[in-house]
Amino acid sequence: MRVALMVTCVNDAMFPGTGQAVVRLLRRLGVEVDFPQAQTCCGQPMVNTGYLDEAVPAVRSFVRAFEGYDAVVTPSGSCAGSARHQHRLVAARSGDSGLAAAVAEISPRTYELTEFLVDVLGVTDVGAYFPHTVTYHPTCHSLRMLGVGDRPRRLLEQVRGLRLVDLPQAEECCGFGGTFALKNADTSVAMGSDKARHVRETGAEVLVAGDNSCLMHIGGVLGRGRSGVRVMHLAEVLAATEESVPAGAGPIA
Amino acid sequence: MTGTFVGMPAFPAAARGALADTQLRHNLAHATSTIRAKRAAVVGEVADWEDLRLAGAAVKERALRSLGDDLVRLEGALTARGAVVHWARDAAEANRIVVDIARAHAVDEVVKVKSMLTQEIGLNEALAEQGIAAWETDLAELIVQLGGDLPSHILVPAIHRNRAEIREIFRRRMGEVGRPAPEDLTDEPAVLAAAAREHLREKFLRATMAVSGANFAVADSGTLVVVESEGNGRMCLTLPEVLVSIVGIEKVVPTWAELDPLLRLLPRSSTGERMNPYTSTWTGVTPGDGPQEVHVVLLDNGRTRALADETGRQALRCIRCSACLNVCPVYERVGGHAYGSVYPGPIGAILNPLLKGTGDPQTDSLPYASSLCGACFEACPVRIDIPEVLVHLRAQVVDGHRDDRAPKPEALAFRAAGWALGDERRLGRIERLSGLAGRVLRRGGRAPVLRRVPGPGGAWTDARDLPAPPAESFRAWWRRTGGGRRR
């Protein structure tokens with residue numbers, strides 16, 4: 001099986017540790033991943049702001065990078081959702097039937113990390129060790145666009161040393177929403193503050209989710225309040241072992 | 001006596017004001033979480049809820065496809081049963097028709113069944129201009145009307161008010177327009193409802209003309225359907241001599257049998273009840289029973305425009321249950337007024353641009369008033385994919401500015417991003433620059449967090465920290481280490 005890592009632009013530029021964690025984790029499970037250099041961004045920031053023409057080059061890059069792979073794995077529910085549900089819109093807009101055909105071919109083989117682990121590899125115990133109290137936020141696109149369901153939870157429950165506590169109103173959006181976070185910053189922050197409050201109510205040391213963009217937002221609110229709760233991508237928790245427990249802060253202190 | 005949505009600022013500015021209203025935030029959080037829990041409980045009881053949603057969506061979809069034929073059949077059936085059918089292209093035509101009917105009967109007041117459509121067209125204001133008072137008889141609409149307020153929710157238009165505020169409105173205003181509130185009025189819900197009942201009763205018994213909307217119109221039989229909870233609708237539909245019903249053309253269903261899934265979906269989705277307390281149906285005039293003069297105004301007001309939009313037309317399936325409002329995290333925090341329309345929340349964010357067309361700054365801000373979290377689509381009983389339509393309308397807004405002489409900074413930024421993301425080498429060069437910035441920012445062991453950044457990024461750091469970029473991108477790390485195999 002030829003497996004490619006779609007690291008996503010946000011992880012590439014801002015959170016390389018998450019991409020590195022996916023590589024370590026999959027290697028430990030016997031899967032050798034490629035990182036096709038031609039990849040850039042899934043195009044979602046443009047599509048969701050209304051700039052369809054501007055998303056075409058990104059979708060072309062996506063197709064160029066991932067054609068021919070059996071599976072494309074990404075540590076982002078949102079970007080997997082974009083590839084699976086939005087690329088056809090962009091391709092249709094481009095008027096290029098070749099692009100539309102390539103998109104139709106690759107889209108169904110694009111997996112969010114927990115889907116790949118549970119459905120394709122058939123594992124829930126990935127041999128991780130993470131001795132911390134953790135709460136999990138199911139990000140909207142992983143939950144409602146992809147329907148990852150309880151896969152992340154099942155993976156977390158098997159992590160040795162980890163104590164998982166329930167997040168109140170977990171399924172409510174954190175308020176990130178891509179450019180929504182800037183265009184409607186006040187509303188976005190109001191939503192983020194409520195999410196941060198629920199996180200603090202749990203008493204967890206670490207907030208875990210499958211999308212660093214949402215974590216950047218919630219973590220940004222938690223950090224501004226000097227709350228002492230760190231945020232961490234699920235991949236980094238699953239990659240951790242007794243030999244390599246990540247030290248100190250996650251993406252945001 | 002009523003306010004107006006005309007001249008409302010675009011959503012982000014309106015939302016800023018609403019977010020600062022702490023009483024509003026508290027009232028909304030309490031009310032939406034109560035309705036959400038009720039809805040979840042009664043939806044959970046229905047084993048085949050997802051099938052029911054599919055059936056409801058299919059009925060409305062089919063009806064929209066045969067709309068032209070069904071409207072003509074509806075007109076025929078209504079006329080055969082003694083109703084007078086009027087066609088109205090827009091709000092002004094519809095209002096004129098109602099005013100003319102009122103004048104013909106020399107009435108100076110009408111009682112009203114709760115109707116979104118009459119609010120959409122500003123009927124009360126149009127009647128007031130002609131010296132005709134329109135009395136809202138739904139409890140929440142009465143609160144809004146007495147308070148000189150604007151509705152902020154489709155189902156519970158006074159959702160932004162709490163009991164104490166309602167008591168004050170009743171005490172101060174009821175006496176100005178009819179029977180005053182009793183001296184010993186408390187803020188107990190039952191006491192408030194009893195005061196409203198006494199106040200409204202004299203209006204029901206006096207009025208000779210009523211105005212309603214309709215939840216559904218059955219083309220086959222010419223039957224109109226109104227569902228409600230309080231019985232005020234039943235009073236308006238049966239007591240007066242003259243009844244005028246204004247019906248949006250998308251309310252048509254071809255046959256009586258097709259009401260089945262819709263009447264099961266609506267109460268559970270809207271009030272969180274298994275069945276609504278009152279379902280009134282009437283077919284033209286029944287001699288000696290109920291109104292003896294029945295008018296039906298079939299109104300377009302932008303619906304054919306929405307119908308012509310292949311992605312957007314699904315919004316016309318909407319049965320005005322307001323489930324999408326109650327689950328929306330944006331609506332829950334800003335309330336309905338910020339949307340600047342009688343249709344707030346997720347459905348308002350798509351319905352307003354679809355009915356009015358894009359191009360006006362306030363309307364154009366609505367499709368962006370969403371984090372695209374998808375909770376609305378999940379709750380919608382007729383499966384309107386609201387996030388899909390929001391994204392579609394955002395593209396329409398952007399496309400409307402493609403020929404601008406001076407493109408907005410945002411447009412230029414996305415053009416640049418599109419260019420950079422078309423080639424990984426361009427992206428790699430940008431990442432090397434950000435890596436350099438990251439190294440500078442992290443120098444001297446300072447915390448790798450930005451508290452404040454200039455430019456548009458300031459909207460982020462006003463209330464949120466931002467991590468400093470890492471010294472090395474993933475792409476650069478992969479190259480340098482051969483995918484992590486070398487140090």
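**A tour from helix α20(B) to a contact between chains**

Begin by selecting helix α20 of chain B in this predicted model, where Phe414(B), Ala417(B) and Ala420(B) are buried. These three cover an arc of only 120° around the axis, which puts them on the same side of α20(B). Now turn the view to the face of α20(B) that points away from its buried side, and there you will find the exposed residues Leu412(B) and Trp419(B).

Next, show what lies over the buried residues of α20(B): the cover includes α3 (44–47) and α4 (52–66) of chain A, together with α21 (424–442) of chain B. While α20(B) is still selected, you can check its length, because twelve residues (409–420) at 1.5 Å a residue should span 16 Å, and the end C-alpha atoms are indeed 16 Å apart.

Then select helix α11 (residues 185–202) of chain A and helix α1 (residues 11–19) of chain B, whose axes come within 8 Å and cross at roughly 40°; α11(A) and α1(B) are therefore oblique to each other. To see where they meet, display Asp186(A), Thr187(A) and Ala190(A) from α11(A) alongside Ala15(B), Arg16(B) and Leu19(B) from α1(B). The residues of this contact divide into three nonpolar, one polar and two charged.

Finally, zoom out to the whole of chain B, which has 23 helices and twelve strands, and whose C-alpha atoms fill a box of roughly 95 × 55 × 50 Å along the principal axes. Of its 487 residues, 49% are buried, and among contacts in chain B between residues at least 6 apart in sequence, 75% join residues at least 24 apart.

Methods:
Residues are numbered from 1 along each chain as its sequence is written. Chains are lettered from A and ligands numbered from 1 in the order in which they are written. This is a predicted model: local features need pLDDT of at least 70, side-chain atom pairs count only at pLDDT 80 or more; totals for chains, interfaces and linings use all residues. Axes are lines fitted to C-alpha atoms, for helices over the stretch in contact, and angles run from 0 to 180 degrees between N-to-C directions. Helices (H or I, at least four residues) and strands (E, at least two) are DSSP runs, numbered from the N terminus. Angles under 35 degrees count as roughly parallel, over 145 as roughly antiparallel, 65 to 115 as roughly perpendicular and the rest as oblique. Two residues are in contact if their C-beta atoms, placed from the backbone, lie within 7 Å. Ala, Val, Leu, Ile, Met, Phe, Trp, Tyr, Cys and Pro count as nonpolar, Asp, Glu, Lys and Arg as charged, and the others, Gly among them, as polar. The expected span of a helix is 1.5 Å times one less than its number of residues. A residue is buried if 20 or more other C-beta atoms lie within 10 Å of its own, exposed if 12 or fewer, and partly exposed in between; C-beta atoms are placed from the backbone. The arc is that of the directions from the helix axis to the C-beta atoms.
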